[in-house]
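Dear colleague,

I am handing over the structure below, and I would be glad if you could read the notes beneath it with the coordinates open beside you.

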Amino acid sequence: MKATAPWVRTRLRTAPGSAAALLLLVLVTSFLAAAFPGAVAAYESRGLRHEVSVTSPDGSVIQLSSDPWQDVDGEPEKIFDALEARRLTENYQQILAALPKSLRVDTGQSAYGARTRKPVAATDTWLPELNGGWPVFTLSAQTAVAEHSKPASGRLPRATAGSVNPATETVEAAVTSATARALRIKVGSTIHVPRANGAPLAVRVTGIVEPLRPQQSYWSVEPVLRTPTYLHTPDQPPLPYWHGALLLAPEAAPVLLSMGGEAYWRVAPDPAGMDVADLSRITQTIASLEQGPLLSALRTEVAPQLETSTGLDDVLIEFDGIRAAINPVVAVAAFGVGSVAGVVLLMTGGLAASRRHHELSLLRSRGGSVRGIAGRLLAEVAVPVLAGAALGCALALVVVPGGRTPPALLASAAVALFACATLPLRAAFLHRRPRLHGDRNDLVRARPSRRRTVAELTLLVLTVAAVTALRRRGTSDGDADALISAAPVLLGVIAALLLVRLYPLPLRLAALPVARRRGAVGFLSLARAGRSSATVLPLLALLVALTTVAFGGSVLSGVADARDRASLAAIGADARIDADQGLPDKLAGTVRNMAGVNDVAPVYRDFDLDLRDGRLDRVTLLAVAPDSYARLAGRTGLGPFRAAELRKSSGVLPALASPAVAERLRGRATEIGPADGPFSVRVDKVLSTTPAVSDGDFLVVDAAGLPGRHLASTLLISGPSVAGADLEPAARAAGSAIVKLRSAERDRFTTSPVQSGAERIYAVAAAAGVGYAVLALVLSLLQTSAERTALHGRLRTMGMTRRQGRRLLILENLPQTLLTAAGGALVGWVAILLLAPGIDLGRLALADQAASLGQVRLRADPVSLLLPALGVVAIASAVAAAQAWLITRRTTTTELRVGDTR
């Protein structure tokens with residue numbers, strides 16, 4: 001017989017609010033789960049593209065070269081053919097075809113052609129001669145000059161295919177405008193360069209070009225093509241001479257064979273096409289191209305002696321190291337939020353099973369099977385759960401750019417499966433045997449079963465193993481598995497189970513004095529708190545959430561602190577002005593009067609102080625004003641000292657030195673110099689750091705004690721609101737001075753998308769943890785709402801006033817809330833204390849500059865520990881007060897019915 005009222009439709013129509021709430025919860029959880037792998041992949045891909053983009057072209061381009069004289073054994077025709085433009089183009093196409101699709105090529109910035117391996121000296125006396133001699137030139141026949149430049153005057157060089165050979169006496173060339181200005185070259189000039197055999201080659205300049213996008217790979221792999229540079233002689237001291245470039249037509253490349261020419265191909269990677277999923281394949285491709293099967297294949301097709309070189313593999317390895325060090329730290333946040341979300345979903349299923357206890361018990365007593373009841377519950381839950389999971393997954397794929405579909409689908413499917421299973425499994429477990437009434441859930445008198453004890457001991461062993469492994473192995477090398485990343489969560493779980501076991505003891509102790517006092521509110525609130533039907537899961541959710549929030553907040557706080565310390569060590573103050581020569585005396589006064597400036601410490605620096613001990617190690621002399629420099633050192637914590645320790649009391653100048661300098665001077669009066677004359681110093685104090693220099697050995701003395709007059713070359717400026725816009729004009733007026741800001745230095749540490757992305761993940765994890773904690777509070781109160789309402793109705797019939805009823809309902813919730821808040825803060829602190837030795841935040845804070853600050857340990861942040869705990873107490877009290885107000889507004893006859901077993 002066909003049912004007239006289908007179960008699923010009837011249940012959804014009966015309780016649309018519960019179905020909508022479940023759909024919303026699953027939607028949010030599915031969105032977070034599906035967005036996480038996409039967000040991680042997105043910021044890692046952006047970080048990979050960023051690292052390749054900011055690398056200099058000569059460090060990222062794959063360079064291949066071939067010497068025709070070595071590749072071809074004594075056959076002139078084949079040697080000449082090796083540098084023909086047609087042949088070079090064919091080889092270029094073969095190289096591109098051999099590269100896998102994972103390594104995408106920027107063909108617009110790639111280049112190929114022929115060049116002289118070594119610069120050749122020009123013999124024309126009209127060229128500018130420097131102290132080191134006459135200019136030298138690199139002759140390059142690079143393709144596509146017309147596409148990468150615009151003519152400034154004249155025309156591009158020309159040559160027809162096959163018309164140029166190694167014996168050709170005259171060829172045409174172009175130069176860039178920078179080369180023309182520096183070397184006084186004009187259109188029509190002829191430059192003669194010698195050849196090993198035969199007459200010099202005459203190169204006639206037919207045009208001057210202006211490079212387009214000169215900082216990109218086409219012009220910057222070999223910068224001399226666009227800008228002439230200085231080379232230096234091996235003499236002492238080295239003497240400079242000019243090095244320029246002559247741009248020949250590609251068809252004129254064979255002439256370079258007479259000057260030791262080589263063929264080259266420069267393959268520029270396309271950062272925009274790189275994806276972190278291809279990182280391992282790209283790394284393998286580079287390794288195969290440098291020394292592997294791919295190089296062997298290219299040697300067979302292109303040239304037998306083909307050579308390759310690139311710095312791209314170093315860039316990829318460095319990025320992979322940063323990524324591997326950050327990922328385990330991010331995984332801790334993912335495990336924390338995922339665990340809290342799972343507990344909240346369990347509480348949702350428990351709440352539904354508790355509210356429908358009598359309905360399901362009646363079904364079982366009338367012959368309903370466990371399988372049939374579980375199947376019906378699964379069907380009715382699947383409708384909102386599957387809809388919410390699908391919407392959350394779709395929203396994640398839309399919101400997170402570049403998100404990958406398979407991981408998002410798997411994450412959403414896991415959320416949907418878990419959410420669908422909570423209510424049916426909970427109901428099947430509770431109603432595995434037919435029963436109408438159950439025993440009272442008395443936490444004070446409850447005794448844990450043996451199975452529960454075994455499960456708790458198993459979790460304890462796993463937690464100890466995870467914490468021990470994390471402390472020993474750490475996360476700096478990226479060698480962390482799921483168990484290690486779940487260590488904070490396991491600590492929260494163990495703490496929750498421990499608190500549940502210890503919970504009855506303080507309740508019993510608190511109930512003893514309260515029982516002797518007048519009034520029933522206090523005693524009833526403690527008695528009710530010990531007989532709550534929902535204790536373990538709310539405690540577990542709140543403790544894990546508080547641990548996750550405290551851990552995440554401490555990570556973010558530690559990252560910010562590390563960047564502050566690194567930027568302070570690099571600058572030495574809030575701002576500084578540096579100059580190669582002395583700064584005007586009035587500049588310090590001018591800066592001191594600027595808005596936002598609190599203090600200025602002038603420093604004279606000599607980077608090559610002679611200690612007269614025969615060693616060549618460089619030592620920086622710092623001549624300072626003792627008072628201002630002592631204030632700065634004390635304020636920054638970079639080698640604090642007392643100003644009196646630098647003031648001269650005898651003929652010897654007291655000094656502060658780095659450990660290496662102190663060892664060289666051996667604590668006795670020593671004559672050193674010059675700094676405009678020898679002077680005697682004695683090291684009175686050893687400092688590991690000092691504000692004026694960020695690294696290297698140093699010696700700090702009183703500027704007034706040095707022979708002669710020394711103008712300050714550095715101003716160290718203190719003031720948290722000092723502005724670079726005010727300092728720049730003053731620095732320009734002083735000459736070629738450079739302004740450096742601590743805030744700008746700090747911003748340099750946050751340029752990597754990997755860092756900023758990981759920080760956003762932690763911020764979202766902390767916010768999600770807070771949200772799920774609040775939801776766990778609400779669910780725990782809702783689960784006992786019916787029982788609390790019935791209790792209030794009975795007590796009202798016994799004479800309890802509404803005011804007393806509200807107090808009872810609020811105080812009943814306080815013991816568990818206070819215990820959870822205190823336990824959460826304590827567990828968060830203990831988790832950070834236990835796990836800190838194994839967590840290095842250096843890569844997350846400073847990326848590739850982590851070595852400058854050493855290991856950055858995780859430290860407990862008081863705000864992250866206490867603020868969430870206090871927020872839990874405040875929110876729980878507010879929710880309990882709102883629930884108490886609603887309950888006490890209802891009439892007693894509405895809540896008490898004949899036969900009610902609540």
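What follows is an account of the salt bridges, the enclosed and open spaces, and a few single residues.

Please keep in mind that this is a predicted model, in which local features need pLDDT of at least 70 and side-chain atom pairs count only at pLDDT 80 or more, while totals for chains, interfaces and linings use all residues. Residues are numbered from 1 along each chain as its sequence is written, and side-chain values use heavy atoms, with hydrogens and water left out.

Salt bridges

A search of the whole structure finds 25 salt bridges, the term standing for a side-chain nitrogen of Lys or Arg within 4 Å of a carboxyl oxygen of Asp or Glu. One of them joins R115 and E222, with 2.7 Å from N to O; R115 belongs to strand β2 (residues 111-116) and E222 to the loop between α8 (217-220) and β9 (229-232), so that the pair, 107 residues apart, links distant parts of the chain. Helices here are DSSP runs of H or I with at least four residues, strands are runs of E with at least two, and both are numbered from the N terminus. Both R115 and E222 are buried, where buried means under 20% relative accessible area, exposed means over 50%, and partly exposed lies in between (1.4 Å probe, protein chains only).

A second example pairs R746 with D564, the closest N and O atoms being 2.7 Å apart, and it too links distant parts of the chain, with R746 in helix α25 (residues 742-748) and D564 in helix α20, 182 residues apart. R746 counts as partly exposed because its relative accessibility is 22%, and D564 counts as partly exposed at 29%. Through shared partners, salt bridges also join R115, E222, E262 and R266 into one network.

In the pair of R281 and D278 the closest N and O atoms are 2.2 Å apart; R281 is partly exposed, with a relative accessible area of 42%, whereas D278 counts as buried at 14%.

Cavities and pockets

On a 1 Å grid over the protein atoms alone, a cavity is a set of points where a 1.4 Å probe fits but cannot get out, a pocket is an open set with protein on both sides within 12 Å along at least five of seven lines, and lining residues have an atom within 4 Å of a point. Grid points are joined across faces, edges and corners, and a volume is the space filled by probe spheres set on the points.

There are 4 cavities of 30 Å³ or more, and the second largest has a volume of about 70 Å³. Its lining consists of 13 residues, with V332, A333, G336, T548 and F551 nearest the centre; two or more lining residues come from each of α11, α17 (487-502), α20 (536-571) and α26, and α20 gives the largest share, 5 residues.

The second largest pocket holds about 880 Å³ of space, and of its 34 lining residues L32, A33, F36, A334 and V337 are the closest to its centre. At least two residues of this lining are supplied by each of α2 (16-54), α11 (312-355), α14 (405-430) and α26 (753-783).

A buried strand residue

V136 lies in strand β4 (residues 136-142) and counts as buried at 10% relative accessibility.

With best regards
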